[in-house]
Amino acid sequence: FMKYMIEKDPNTVLELIDTYMSTENIKLILAIQLMLEFLSRKNSILIKRQHVKFTISSLFSDNKELQLSALFTLINVSDRFGQDLIHIYDFVEKLTHSDDYLIKFGAIKLLKILTETEKGPDRISVLFRSLIRLIRDENRIISTYSSLWLKELFENNYEALKVDKNIVQEILDAFPKLGLGGQINLIATLTIIAKKQPELILPYLSRLMTLIESDEPQIRAGIILVISLIARIDPLSVSKAIPLIGKMLRDPNKTVRSVALTALSRISENLPSSIVRYVEEIISFLENDDVNDVISALIALRNVSKVNPAAVKNIVPHLNDLLDMPNNEIKFETASIVKWIGTNYPHLVKNTTPKLFQLLDVPDDIVKSSALWALESISRHYIPDYIDDLFDKLLQLTNSPNDFVRSGAVWVLANIISKKRDKAVILLSKIDNFLNDKDKYVRAAATIIAEKIAIVDHRHAQKIVNTLT
């Protein structure tokens with residue numbers, strides 16, 4: 001009847017509550033507390049400070065039903081009366097040890113709210129220890145919510161937490177006891193640790209590897225991500241997980257395939273040779289609609305091409321299309337691959353020079369410099385037909401404020417000057433600037449240009465001798 005009255009005439013109910021609030025009759029106290037709880041859910045603005053004091057006294061009762069109702073009433077009004085509740089913090093923490101799972105759940109939820117109300121290292125530490133304990137609770141609701149709140153605590157207060165490898169072990173020990181939602185929360189927590197302190201997770205690599213072949217795609221993807229993050233500090237140890245990760249490139253789930261690709265891309269930064277066996281599968285990702293997949297594939301292929309350019313030969317048919325794509329990162333990575341292949345197999349990539357030439361007009365200096373260095377590797381062996389246009393563009397780029405663009409332009413000029421004797425005088429007029437450039441690569445290229453000009457046209461020899469002297 002009171003629930004009905006709260007909907008229709010809450011003020012009358014409040015009068016009734018205020019009239020009987022001083023009673024000592026336990027049944028009447030419970031009835032009043034239940035009304036306050038319902039009122040706090042429906043219209044918490046009507047709850048006053050005296051009602052909060054009454055509810056706090058109910059919380060300290062030995063009656064579990066009364067405690068439970070008091071907990072949820074305080075949770076509902078904590079946004080308005082949080083500061084009034086700080087003094088019960090330690091008692092609320094004790095309730096998280098209750099043998100009643102509903103009281104335990106309400107207590108940990110209120111403890112989380114009070115910690116956020118008045119943050120401090122000690123309170124964060126109390127909540128941290130409570131959540132680590134409760135992720136192993138037998139009640140699935142408590143363990144799942146605790147895993148969620150633990151993840152949020154790591155996201156927002158990592159620096160205040162004292163995280164060590166024992167915490168990682170406790171998280172892994174709790175993992176089998178949780179449902180899928182809780183396990184996903186714990187993997188997200190491990191991911192945060194792997195980003196901040198990967199060395200804490202490294203000792204548990206073998207345990208993580210056993211989870212890669214889970215039936216759940218979210219678990220497979222999450223674990224692969226964690227392993228890829230710890231590869232930054234010890235790629236050699238992580239290399240034993242590469243066969244499992246490589247297998248996931250063929251996983252039926254798209255997210256798992258993408259994460260496996262990203263992981264191999266990260267591992268390739270330090271161990272490029274270890275992923276050579278997966279090059280063909282990685283190349284297949286270049287046709288994906290997902291730009292991030294294409295970028296990850298290109299990064300992996302670029303790293304392999306540095307040490308084994310022959311291994312990535314089958315990317316050649318894709319190069320011009322990739323250089324045409326609107327994404328600048330894709331253009332940059334593709335041009336970088338062209339550079340490394342061009343150094344050893346220039347005949348394979350010489351047909352990319354028109355596209356590379358077009359990239360010299362893009363506003364992005366990173367893309368521009370990557371295209372220049374790709375042209376530099378090819379132009380050691382092949383000079384394009386449009387050499388006059390190329391020469392003029394390169395000369396223009398020698399004035400760029402960007403060191404990589406400027407040095408790339410001068411090095412390509414050094415490669416093609418032998419074929420453009422009529423341009424020697426123009427380059428000679430700039431040789432002083434090149435030799436005095438702040439960038440050592442520009443200065444190095446300038447000496448090559450000087451040598452080649454002296455070879456192709458002896459009339460300038462004395463000028464060059466004087467300049468170099």
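Which residues touch the most other members of the largest nonpolar core? In this predicted model, they are Phe154, Ile193, Ile227, Ile315 and Leu356, and the core they belong to has 166 residues. Leu356 shows what such a position looks like from close by. Apart from its neighbours within four places in sequence, Leu356 is in contact with Leu323, Ala335, Val338, Ala371, Ala374, Leu375 and Ile378.

Two of the core residues named above can be followed into their helices. Phe154 is one of the buried residues of helix 9, and Ile193 is one of those of helix 11.

Helix 9 covers residues 140-157. The helix has 18 residues, and the distance from its first C-alpha to its last is 25 Å, close to the 26 Å expected at 1.5 Å a residue. Its buried residues are Ile142, Ser143, Ser146, Ser147, Trp149, Leu150, Lys151, Leu153, Phe154 and Asn157. The list holds nonpolar residues such as Ile142 and Leu150, and also Lys151 and Asn157. These buried residues pack against helix 7, helix 8 (121-134), helix 10 and helix 11.

Helix 11 runs over residues 180-196 and has 17 residues. From first C-alpha to last it reaches 25 Å, close to the expected 24 Å at 1.5 Å a residue. Buried in helix 11 are Gly182, Gln183, Asn185, Leu186, Ile187, Thr189, Leu190, Thr191, Ile192, Ile193 and Ala194. The cover over these residues includes helix 9, helix 10, helix 12 and helix 13 (217-230).

Helix 9 also takes part in a feature of the surface. Tyr101, Leu102, Ile141 and Tyr145 make a nonpolar surface patch of about 360 Å². Helix 7 (101-117) and helix 9 are the elements that give two or more residues to this patch. Leu102 has its place in helix 7. With a relative accessibility of 35%, Leu102 counts as partly exposed.

The next topic is charge. Side chains of opposite charge can pair when their charged atoms come close. The structure holds 24 salt bridges, and three of them are described here.

Where does the salt bridge between Arg207 and Asp173 sit? Arg207 is in helix 12 (residues 205-209) and Asp173 is in helix 10 (residues 165-174), so the bridge ties together parts that are 34 residues apart in sequence. The closest N and O atoms of this pair are 3.1 Å apart. Arg207 is partly exposed, at a relative accessible area of 33%, and Asp173 is partly exposed, also with 33%.

Asp365 and Lys368 form a salt bridge of 3.7 Å, N to O. Both residues lie in helix 23 (residues 365-379), three residues apart, which is about one turn of the helix. An α-helix has 3.6 residues a turn, so residues three or four places apart point the same way. Are the two partners buried or exposed? Asp365 counts as partly exposed, at 26% relative accessibility, whereas Lys368 is buried because its relative accessible area of 12% falls under the 20% limit.

In the third pair, the side chains of Arg406 and Asp437 meet with 2.8 Å from N to O. Arg406 belongs to helix 25 (residues 403-416), and Asp437 to the loop between helix 26 (424-435) and helix 27 (440-456), so this salt bridge ties together parts 31 residues apart in sequence. Arg406 and Asp437 are both buried. Through salt bridges that share partners, Asp403, Arg406, Asp437 and Lys438 are joined into one network.

A loop residue can be buried too. Pro272 has its place in the loop between helix 16 (254-268) and helix 17 (279-284), and it is buried, with a relative accessible area of 13%. Leaving aside neighbours within four places in sequence, Pro272 is in contact with Asn303, Val304 and Val307. The C-alpha atoms of Pro272 and Leu301 are 8.6 Å apart in space, with their positions 29 residues apart in sequence.

Asn433, in helix 26, gives a contrasting case. Asn433 is exposed, because its relative accessible area of 53% is over the 50% limit. Its C-alpha atom is separated by 63 Å from that of Ser147, and the two residues are 286 residues apart along the chain. Ser147 is one of the buried residues of helix 9.

Conventions
Residues numbered from 1 in each chain as written. Predicted model: local features only at pLDDT ≥ 70, side-chain atom pairs only at ≥ 80, totals over all residues. Heavy atoms only, no water. Core = buried A, V, L, I, M, F, W, Y, C linked by side-chain atoms within 4.5 Å. Buried < 20%, exposed > 50% of the residue type's maximum accessible area, 1.4 Å probe, protein only. Contact = heavy atoms within 4.5 Å. Patch = residues over 30% accessible without salt bridge, like charges linked within 9 Å, V, L, I, M, F, W, Y side chains within 5 Å. Areas by Shrake-Rupley, 256 points an atom, 1.4 Å probe, with all protein chains shown as cover. Salt bridge = Lys/Arg side-chain N within 4 Å of Asp/Glu carboxyl O. Helix = DSSP H or I, 4+ residues; strand = E, 2+ residues; numbered from the N terminus. Expected span 1.5 Å × (residues − 1).
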